[in-house]
Amino acid sequence: MMRMPPGRDFGEWREKARGLLAAGIPPERVLWEDAGHADLFEETPMPPPAAAATGFRIPAFFVPLADAVACHGDPRRWALLYRLLWRLTRGGEKHLLNIASDPDVATARRFGKNVRREIHKMHAFVRFRKAGEDEAGRETYTAWFEPEHWIVAAAAPFFRDRFANMDWSIFTPRGCAHWIGGEMTFAPGVDKDPCESPEMLEEIWRTYYRSIFNPARLKVRMMRSEMPARYWKNLPEARLIPELIRHSAPRVKEMFATPERAPRSLENHAYLRGLYAEPEPEDARMPSIARDASLEELSRRVQTCRACPLWERATCAVFGAGPPDARLMIVGEQPGDHEDLAGRPFVGPAGALLDRALAEAGLDRSAAYVTNAVKHFKWEPRGKRRLHRNPGDGEIEACRPWLLAELSKVAPDVLIFLGGTAARSLLGKETKVTRDRGWIEGSPLAGKVILTVHPSFLLRNPDGAAREREYARFVADLRLAADPPSKL
Ligand code: URA
């Protein structure tokens with residue numbers, strides 16, 4: 001029996017799964033249990049690792065998928081993951097993840113999708129309320145959210161990037177995140193919104209201070225001068241100070257003896273700025289994007305979008321196209337001349353090149369959801385021609401809510417960004433295609449995020465040999481969306 005701590009501890013599962021796999025223990029002989037669910041059985045000690053049996057190759061896509069599945073609220077997720085891992089390695093089914101009809105694969109994909117969808121929802125729906133202000137005037141905010149899955153750690157970097165200059169806490173029954181004094185910490189969940197009960201809030205602050213207290217830095221004299229003892233009584237954490245001082249010496253010893261386990265850091269994207277930004281009440285240019293609207297409904301509403309001036313010259317807004325539950329989503333820049341007339345993305349020369357490259361990479365365009373960062377064609381007249389112009393930051397920004405709405409509806413496993421505009425829209429301005437192309441690891445946007453060039457970049461290249469070389473690199477990037485091998 002393997003006992004897992006409640007919540008999402010992918011690192012711990014990975015350690016245990018590695019050991020079990022190396023010892024050749026099949027999934028049907030392992031019972032995975034969330035600790036706290038039942039204490040009927042003792043945890044079985046890990047078998048000693050069989051050195052010869054380590055180093056299994058697994059598809060690279062498994063790790064991000066497993067990482068998302070680990071956040072799912074279903075207690076069967078650990079068993080599911082170990083079963084998949086076993087089948088991919090010991091079971092010799094190395095292409096298993098490509099078999100969408102396999103029940104384990106289908107469940108894992110569904111779990112991954114549920115989790116990603118809920119992360120997007122949390123980004124959209126968390127609302128902070130002011131809880132207080134310290135003497136230096138720094139404000140503290142709190143929010144309450146009730147997720148179905150263990151997504152707090154995965155969702156928190158978004159709030160850190162967006163609200164870096166204030167202190168905040170997000171309380172949920174499935175874990176809490178605190179951003180205080182520029183440091184992020186995570187704590188166990190709470191049953192109800194502590195802000196409704198001052199005693200509860202106080203207790204939580206005390207727990208928080210206990211968790212961040214670093215006995216190695218304890219300087220009692222300095223503490224007293226910084227925070228005279230007469231003020232201590234007013235601070236929830238202050239009651240802890242004598243206790244913390246008493247216990248600090250043994251804890252210092254313990255800290256030096258046990259190397260600290262760094263929390264798994266999630267990639268810090270400056271992405272999703274202005275996420276789902278609701279229009280200002282007086283701003284009627286952007287029709288509100290109802291959270292429950294279907295993609296079809298959104299594609300109708302975008303036709304009336306006036307959030308930037310591009311609509312004035314365009315024939316129509318070109319919304320994404322493809323299956324709403326596609327596993328792969330592709331984001332381009334903006335519709336071109338052909339797309340503007342046809343009302344569909346990537347139907348002109350760039351689309352033809354994209355189709356050819358996708359097919360060579362083993363990807364089926366008709367199974368993908370294809371869209372653009374900007375929905376209206378930006379152009380300038382040049383004689384009888386309409387000359388493409390790059391969208392500016394304001395236009396990308398104005399269109400982002402539509403793209404985010406598509407992303408949250410489709411919740412793809414794999415997301416491909418074509419070119420700088422697409423990347424800037426969701427990965428942040430700092431992203432550079434030339435420097436960062438390939439697999440963007442650790443992104444919470446999808447199980448696997450790939451950045452590559454835009455097909456128009458290839459079409460524009462006048463040098464035939466260089467174009468061929470760049471085309472081959474483009475196909476190689478797209479192939480990453482399929483299934484390259486890696487190690488667990
Ligand atoms: N280029 C894009 O980025 N998107 C299209 O739809 C067509 C060309």
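Okay, so the chain we have here comes to 17 helices and 16 strands in its secondary structure. Keep in mind that this is a predicted model. There are 488 residues in the chain, and buried residues make up 49% of them. And if you take contacts between residues at least 6 apart in sequence, 72% of those join residues at least 24 apart.

Let's go to a pair of helices. Helix 3 is residues 77-88, helix 4 is residues 103-125, and their axes come within 10 Å of each other. The two axes cross at roughly 130 degrees. That angle makes helix 3 oblique to helix 4. As for the hand of this crossing, it's left-handed.

Who makes the contact? From helix 3 you've got Arg77, Leu80, Arg83, Leu84 and Arg87. Facing them from helix 4 are Asp104, Val105, Thr107, Ala108 and Phe111. Sort the residues of that contact by type and you get 5 nonpolar, 4 charged and 1 polar.

Next, the sheets. I'll start with an open sheet of 5 strands, in the order 4-5-6-7-8, where the pairing is mixed. At its edges stand strand 4, residues 129-133, and strand 8, residues 183-187. Each of those has a single partner strand, so one side of each is left without a neighbour in the sheet. Going from one strand to the next, the twist averages 20 degrees.

Let's look at the strand 8 end. Strand 7, which is residues 176-180, pairs with strand 8 in the antiparallel sense, over 5 bridges. If you want one of those pairs to find on screen, try Cys176: its bridge partner in strand 8 is Ala187. And there's a helix over this part. Helix 5, residues 152-162, lies across strand 6 (167-171), strand 7 and strand 8. Relative to strand 8, helix 5 runs at about 155 degrees.

While we're in this sheet, let me pick out one residue, Thr142. You'll find Thr142 in strand 5, residues 139-144. So is Thr142 buried or exposed? Thr142 has a relative accessible area of 1%, so it counts as buried. What does Thr142 touch, leaving out residues up to four places away in sequence? The answer is Arg127, Phe128, Arg129, Ala131, Ser169, Phe171 and Cys195. One distance to go with that: Thr142 and Gly132 are 10 residues apart in sequence, and in space they're 9.3 Å apart, C-alpha to C-alpha.

Okay, further along the chain. Here's an open sheet of 5 strands with the order 10-9-13-15-14, again with mixed pairing. Which strands are at the edges here? They're strand 10, at 368-372, and strand 14, at 438-440, and each pairs on one side only. The twist in this sheet averages 25 degrees from one strand to the next.

Strand 9, residues 328-332, runs parallel to strand 10, and 5 bridges join them. To locate that pairing, look for Leu328, which stands opposite Ala368 in strand 10.

Last stop is a hairpin. Strand 11 and strand 12 form it, with 2 residues between them. Strand 11 covers residues 379-382, strand 12 covers residues 385-388, and they pair in the antiparallel sense over 4 bridges. Glu380 stands opposite Leu387 in strand 12. And in the turn sits Gly383, with a positive phi of about 65 degrees.

That's my tour, thanks everyone.

How values were computed. Residues numbered from 1 in each chain as written. Predicted model: local features only at pLDDT ≥ 70, side-chain atom pairs only at ≥ 80, totals over all residues. Heavy atoms only, no water. Axes fitted to C-alpha atoms, helices over the stretch in contact; angles between N-to-C directions. Parallel < 35°, antiparallel > 145°, perpendicular 65-115°, else oblique. Left-handed = near helix turned anticlockwise from the far one by under 90°. Contact = heavy atoms within 4.5 Å. Nonpolar A, V, L, I, M, F, W, Y, C, P; charged D, E, K, R; others polar. Pairing = 2+ DSSP bridges. Buried < 20%, exposed > 50% of the residue type's maximum accessible area, 1.4 Å probe, protein only.
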